Amino acid sequence: MSREAQDDQIFKALADARRRAMLDLLKAAPRTTGDLCEHFAASLDRCTVMQHLGVLERAGLVIAVREGRKRWNYLNAAPFKEIHDRWISPYAAEAVTLLTRLKKDLEED
């Protein structure tokens, strides 16, 4: 899969608030699929939770490991670093440069 296609999958996965909430939970610690289903029981059925996890897995943001009857879901932080390095850092650096220049200009007046 091309880098662009992978980025598209990551951004698609992050576009849904429920998937971001799942990632927030996994950031704290790995969870079983059952744990995630319990957490979202008030708003999502098991099938929907599994669909969201599938989107996150295809994007490479979640790694699922079977241990007996349990399916553990782990956050994979590597794609976030790649997105940061490719998309966020260059834009942030330019913004900091502009703010520094603005501050300097204002102080000279």
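Begin by selecting Val65 and Trp72: Val65 has Trp72 of strand E3 as its bridge partner. The model on the screen is a predicted one.

**The sheet**

Next, extend the selection to the strands around this pair. Strands E2 and E3 pair in the antiparallel sense, over 6 bridges. Colour the whole sheet, which is open and consists of 3 strands in the order E1-E3-E2, with antiparallel pairing. At its edges lie strand E1 (31-32) and strand E2 (62-67), each of which pairs on one side only. Now add helix H4 (residues 46-58), which packs on the sheet and touches E2 and E3. The direction of H4 makes about 45° with that of E3.

Return to the end of the strands and select Gly68. E2 and E3 form a hairpin with 2 residues between them, and Gly68, in the turn, has a positive phi of about 65°.

**Arg71**

Select Arg71, a residue of strand E3 (residues 70-75). Which residue stands opposite Arg71? The residue to display is Arg66. Is Arg71 buried or exposed? Arg71 counts as buried because its relative accessibility is 14%, and the cut-off for buried is under 20%. Show the surroundings of Arg71 as sticks, leaving aside its neighbours within four places in sequence. Its contacts then include Arg31, Thr32 and Thr33. Also in contact with Arg71 are Met50, Leu53 and Glu57, together with Ala64, Val65 and Arg66.

**Helices H2 and H4**

Keep H4 in view and select helix H2 (residues 17-28). Two packed helices are described by the angle between their axes and the distance between the axes. For H2 and H4, the angle is about 75° and the axes are 10 Å apart. The two helices, H2 and H4, are therefore roughly perpendicular to each other. To see the contact, display Arg18, Arg19, Met22 and Leu23 on H2. On the side of H4, display Val49, His52, Leu53, Val55 and Leu56.

**Leu44**

Move to Leu44, in the loop between helix H3 (33-39) and H4. With a relative accessibility of 8%, Leu44 counts as buried. Which residues are in contact with Leu44, leaving aside its neighbours within four places in sequence? They are Arg18, Met22, Val49 and His52. Draw a distance line from Leu44 to Arg18: their C-alpha atoms are separated by 9.3 Å, while the two residues are 26 residues apart along the chain.

**The aromatic pair**

Finally, look for aromatic rings that pair. How many aromatic pairs does the structure hold? It holds 1. Select Phe11 and Trp87, whose rings form this edge-to-face pair, 6.4 Å centre to centre with 80° between the planes. The pair links distant parts of the chain: Phe11 lies in helix H1 (residues 3-14) and Trp87 in helix H5 (residues 78-108), 76 residues apart. Phe11 counts as partly exposed, at 40% relative accessibility. Trp87 is also partly exposed, with a relative accessible area of 30%.

As a last step, add Arg86 to the selection. The charged end of Arg86 sits over the ring of Trp87, at 4.0 Å from the centre of that ring.

Terms used. Residues numbered from 1 in each chain as written. Predicted model: local features only at pLDDT ≥ 70, side-chain atom pairs only at ≥ 80, totals over all residues. Heavy atoms only, no water. Helix = DSSP H or I, 4+ residues; strand = E, 2+ residues; numbered from the N terminus. Buried < 20%, exposed > 50% of the residue type's maximum accessible area, 1.4 Å probe, protein only. Contact = heavy atoms within 4.5 Å. Phe/Tyr/Trp six-rings, centres within 6.5 Å; stacked < 30°, edge-to-face > 60°. Lys NZ or Arg CZ within 6 Å of the ring centre and 35° of its normal. Pairing = 2+ DSSP bridges. Axes fitted to C-alpha atoms, helices over the stretch in contact; angles between N-to-C directions. Parallel < 35°, antiparallel > 145°, perpendicular 65-115°, else oblique.
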